[in-house]
Amino acid sequence: MKIICASMDTMDERKIRIDPVSFAEGNGSAHIDMLRLDLLHPVVSGNKWYKLQPNLEAALAQGYTCLLSFGGAYSNHLVATAAAAKAAGLQSVGIVRGTYAQQNLTPTLSDCKQFGMQLEFVSREDYDKKDDPGFLQGLALRYEAYIVPEGGANEAGRSGAAAIARLIPQGYDYVCTAVGTGTTLIGLRNALPEDVQLFGFVPMKGGNYLEATIRQHILPPKDKSWQLTDEFHFGGFGKHNSELLQFMNRFYELNMLPLDVVYTAKMMYGIEQLLQRHYFPPGSKVLCIHSGGLQGNVSVQERLVY
Ligand SMILES: *Cc1c(COP(=O)(O)O)cnc(C)c1O
């Protein structure tokens, strides 16, 4: 894949590495590693960057000068879009869900502005039209913008996520990733060999509904070697409790690895639970993808040791 935004000096794929992971109760006979996409950039989530690359390529090829996308006031995707657009020399517009943050910007939205993004706050009702062709056409005309769907969930996003597979060496039995829209999981599933099991951890309550959407994009024979769990949702998307925060602190003290409270902490908590249930066959090699998201920890910063 051609990297469009390598010009942004802080964005360097060579910073990504694989670190071993251990859990407080031990790993049993499983070997657990983590692919550190979080090292790519302090604010831009690793997987978001990959999903945006082919979108930037398409926008530039089609002569657009502006990128437009959607997200909430804490959206990892929105800030990644702002940063990616800036690095590619494009303008950007963010359509923000809800108007409550308009007067008092969240740190995420401040970062979006720092990257030059123009913010438009819309009611939740209007935001719900984000996939409606008429609504999108209106926005595209008004801003003369290339539109990236929420979460980078389009064909370009899936092909961008597939490029993450290049960073995964052979020999893993399982690859684990956190799931929001499922775009990252789809890209990885289609790019990795069929004998690698892909395990998606959904931080939403009832998140298994995503299975049907994801399945549409995965071709045989790889449709057999992936699964989702929404067991470790901690009350739902963006929700957490002291047990999760304690887990994050314990995990950090053991591994010196920071997790984000929305996605990767719930995944790693889930993996610890699965290890305790002897879910992985003896000797399994498991690679967990650290997809980033650390900018979203501001809301719990004072309760974290890192
Ligand atoms: C967005 C995000 C995800 C989910 O990615 P999808 O491709 O939408 O499934 C996982 N982890 C982090 C840190 C994210 O920001």
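These exercises walk through a ligand site and some loop residues in a predicted model.

Residues are numbered from 1 along each chain as its sequence is written, and side-chain values use heavy atoms, without hydrogens and water. Local features need pLDDT of at least 70 and side-chain atom pairs count only at pLDDT 80 or more, while totals for chains, interfaces and linings use all residues.

**Exercise 1. Describe the shell around the ligand.**

Solution.
Step 1. Collect the residues near the ligand (a heavy atom within 4 Å of it). There are 16 residues around the ligand, and Lys48, Gly180, Thr181, Thr184 and Ser291 come nearest.
Step 2. Sort the shell by type. It holds 3 nonpolar, 11 polar and 2 charged residues. Here Asp, Glu, Lys and Arg count as charged; Ala, Val, Leu, Ile, Met, Phe, Trp, Tyr, Cys and Pro count as nonpolar; the others, Gly among them, are polar.

**Exercise 2. Find polar contacts of the ligand.**

Solution.
Step 1. Look for pairs of N or O atoms within 3.5 Å; within protein, one atom must be able to donate a hydrogen and the other to accept it, and residues adjacent in sequence count only if both atoms are side-chain atoms.
Step 2. Start with ligand oxygen atoms. A polar side-chain atom of Asn76 lies 2.7 Å from one. A polar backbone atom of Thr183 is 3.5 Å from an oxygen atom of the ligand.
Step 3. Turn to nitrogen. An N or O atom in the side chain of Ser291 is 2.7 Å from a nitrogen atom of the ligand.

**Exercise 3. Is Asn27 buried or exposed, and what does its side chain contact?**

Solution.
Step 1. Locate the residue. Asn27 is in the loop between β1 (18-20) and β2 (31-36). Strands are DSSP runs of E, at least two residues; helices are runs of H or I, at least four; both are numbered from the N terminus.
Step 2. Apply the cut-offs: buried is under 20% relative accessible area, exposed over 50%, partly exposed in between (1.4 Å probe, protein chains only). Asn27 has 14% relative accessibility, so it counts as buried.
Step 3. Check the side chain. One of its polar atoms lies 2.8 Å from the backbone oxygen of Val21.

**Exercise 4. Examine the backbone at Glu144, His278 and Pro221.**

Solution.
Step 1. Glu144 is not a glycine, yet has a positive phi of about 50°. Glu144 is exposed, at 61% relative accessible area.
Step 2. His278 is not a glycine either, and has a positive phi of about 55°. With 69% relative accessible area, His278 is exposed.
Step 3. The peptide bond from Pro220 to Pro221 is cis, with omega near 5°. Pro221 is in the loop between α8 (210-215) and β9 (226-229).
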